[in-house]
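Work through the exercises below with the sequence and the structure at hand. Each task is followed by a solution in steps.

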Amino acid sequence: MKILVTGGAGFIGSAVASRLVSCGHDVVVLDNFNQYYDVALKRARQKAFLPDIEVVEGDITNADDTETLFAAHQFDLVCHLAAQAGVRYSVEAPEVYVQTNVLGTQMLFEAMQQHGVTRMVYASTSSAYGMSVKVPFVESSAADRPVSVYAATKRAAELLAHSYFQQYDIETTSLRFFTVYGPWSRPDMAMLKFAQKMVAGEAIDIYNHGDLRRDFTYIDDIVDGFVKAVEKPLGYEIVNLGCGKPVTLTQFVSELEDALGVTAKKNMLPMQQGDVYETYADIQKAKELLGFVPQTNFTKGVETFAKWFVDYYNV
Ligand SMILES: NC(=O)c1ccc[n+]([C@@H]2O[C@H](COP(=O)([O-])OP(=O)(O)OC[C@H]3O[C@@H](n4cnc5c(N)ncnc54)[C@H](O)[C@@H]3O)[C@@H](O)[C@H]2O)c1
């Protein structure tokens with residue numbers, strides 16, 4: 001298939017694009033290389049993962065960029081991973097999230113329907129579950145009480161997807177990722193941020209005194225699930241991609257200490273605005289619809305992350 005990967009210079013998008021190429025697909029990447037975090041890391045991913053892939057530097061919110069791209073290529077499918085990610089920055093710059101995640105997604109759908117592209121597989125988030133839902137999070141829950149603007153915009157994209165399915169028969173699979181980690185990860189995410197501070201001898205912020213639980217999911221498992229979704233049209237679906245085994249923040253720091261051989265200095269802090277207490281994926285639907293079974297155990301995954309970290313940052 002000829003596939004457009006948006007956000008293909010990002011942590012997950014670069015790994016997805018690379019895997020799609022190794023599965024024999026013809027891939028084009030669209031990414032605006034914005035400065036939300038170190039652009040050198042995006043360029044390094046491009047070099048490592050996308051050496052033979054056409055990478056278009058452009059913006060999903062710019063109609064000229066998308067029109068030029070869709071006119072030049074007859075895509076069979078769009079893998080949409082471009083987004084303004086990160087719960088915490090959405091407190092500071094909510095408008096960027098609405099612009100990128102809502103307007104940007106809607107503009108992509110418009111370009112798709114104008115050019116006869118009928119399928120999208122895209123990245124959503126466990127944050128969509130928000131508050132007052134039972135764990136584990138199951139796709140049938142309403143997910144109508146987002147805590148952060150980030151979550152609200154990602155949920156809005158799922159609702160837009162439904163309207164484009166109803167009006168234009170554009171099939172979409174929304175994959176709700178649960179805290180993805182591993183080599184090449186985002187510097188604003190806890191694992192990389194903590195590792196950098198720990199090796200520099202600086203204290204790390206431990207919110208809710210370590211009593212937070214996250215369903216960490218290893219990048220290779222996410223990529224496996226994503227590619228399975230690419231291979232299987234499902235109409236309109238929302239599917240969790242998580243590990244299904246939450247760990248506490250305290251356990252997470254302890255694994256990272258072991259993997260890096262460093263003892264962390266800790267700032268114990270209260271719960272932070274916009275955060276949820278626990279994320280925990282029910283992955284039964286992913287198993288049934290996609291044959292998704294995560295393979296990577298947390299200790300092993302953290303070790304692989306730590307090896308990459310030490311090597312990439314020359315620690
Ligand atoms: N990393 C996680 O744990 C996680 C969890 C849940 C959901 N997600 C979702 O997965 C997707 C990928 O996340 P990631 O962690 O790889 O983030 P990332 O920031 O590394 O990747 C996003 C990429 O999109 C690009 N981008 C942003 N705005 C753009 C625009 N307007 N036009 C074109 N490109 C643009 C960025 O330059 C970046 O390379 C996002 O949709 C995110 O919301 C990630």
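**Exercise 1. Place P136 and A143, and describe the backbone at each.**

Step 1. P136 is located in the loop between β5 and α6. The model is a predicted one.

Step 2. Look at the peptide bond that leads into this proline. From V135 to P136 the bond is cis, and its omega is near -5°.

Step 3. A143 is also found in the loop between β5 and α6. Its phi is positive, about 50°, although A143 is not a glycine.

Step 4. For comparison, most residues other than glycine have a negative phi, and most peptide bonds are trans.

Step 5. A143 has 22 other C-beta atoms within 10 Å, so it is buried; the cut-off for this class is 20 or more.

**Exercise 2. Find D169 and decide whether it is buried or exposed.**

Step 1. The loop between α6 and β6 holds D169.

Step 2. Phi of D169 is near 60°, a positive value in a residue other than glycine.

Step 3. Count the neighbours: 12 other C-beta atoms lie within 10 Å of D169. A residue counts as exposed at 12 or fewer, and therefore D169 is exposed.

**Exercise 3. Describe the surroundings of A157 in helix α6.**

Step 1. Helix α6 spans residues 149-168 and contains A157.

Step 2. A157 counts as buried because it has 26 C-beta neighbours inside 10 Å.

Step 3. Leaving out residues up to four places away in sequence, A157 touches N101, V102, T105 and S124. S124 is one of the buried residues of β5.

Step 4. Now take a longer step along the chain. A157 and L241 are 84 residues apart in sequence, and their C-alpha atoms are separated by 17 Å.

**Exercise 4. In which order do the strands of the open sheet follow one another, and which strands stand at its edges?**

Step 1. The open sheet has 7 strands, in the order β3-β2-β1-β4-β5-β6-β11, and the pairing is parallel.

Step 2. β3 (54-57) and β11 (236-241) each have a single partner strand, so one side of each is left without a neighbour in the sheet. These two strands stand at the edges.

Step 3. From one strand to the next, the twist averages 20°.

Step 4. As background, strands of a sheet pair through backbone hydrogen bonds, either parallel or antiparallel.

**Exercise 5. Follow strand β5: what are its partners, and how is it covered?**

Step 1. With strand β4 (residues 77-80), strand β5 (residues 119-125) pairs in the parallel sense over 3 bridges. M120 in β5 stands opposite V78.

Step 2. With strand β6 (residues 171-177), β5 is joined by 7 bridges, and these strands also run parallel. The bridge partner of Y122 in β6 is S174.

Step 3. Of the 7 residues of β5, 7 are buried. On one side these are R119, V121, A123 and T125, and on the other M120, Y122 and S124, so both faces of the strand are covered.

**Exercise 6. Compare G235 with M120 in sequence and in space.**

Step 1. G235 lies in the loop between α8 (219-230) and β11.

Step 2. G235 counts as exposed because it has 9 C-beta neighbours inside 10 Å.

Step 3. Along the sequence, G235 and M120 are 115 residues apart. In space, the distance from C-alpha to C-alpha is 10.0 Å.

**Exercise 7. How many residues surround the ligand, and which elements supply them?**

Step 1. The ligand is surrounded by 29 residues, the closest being G7, G10, F11, A83 and A123.

Step 2. At least two residues of the shell come from each of α1 (11-22), β2 (26-31), α5 (94-114) and β5. α1 gives the most, with 3 residues.

Step 3. Sorted by class, the shell has 13 nonpolar, 12 polar and 4 charged residues.

**Exercise 8. Describe the chain as a whole.**

Step 1. The chain contains 11 helices and 13 strands.

Step 2. A compact globule of 315 residues would have a radius of gyration near 20 Å, and the chain has 19 Å, so the value agrees.

Step 3. Along the principal axes, the C-alpha atoms fill a box of roughly 55 × 40 × 35 Å.

Step 4. Of the 315 residues, 46% count as buried. Among contacts between residues at least 6 apart in sequence, 82% join residues at least 24 apart.

Note on methods: Residues are numbered from 1 along each chain as its sequence is written. This is a predicted model: local features need pLDDT of at least 70, side-chain atom pairs count only at pLDDT 80 or more; totals for chains, interfaces and linings use all residues. Two strands pair if DSSP finds at least two bridges between them. Helices (H or I, at least four residues) and strands (E, at least two) are DSSP runs, numbered from the N terminus. Axes are lines fitted to C-alpha atoms, for helices over the stretch in contact, and angles run from 0 to 180 degrees between N-to-C directions. A residue is near a molecule or strand if its C-beta atom, placed from the backbone, lies within 6 Å of it. Ala, Val, Leu, Ile, Met, Phe, Trp, Tyr, Cys and Pro count as nonpolar, Asp, Glu, Lys and Arg as charged, and the others, Gly among them, as polar. The radius of gyration is taken over C-alpha atoms; the globule rule is 2.2 Å times the number of residues to the power 0.38. Two residues are in contact if their C-beta atoms, placed from the backbone, lie within 7 Å.
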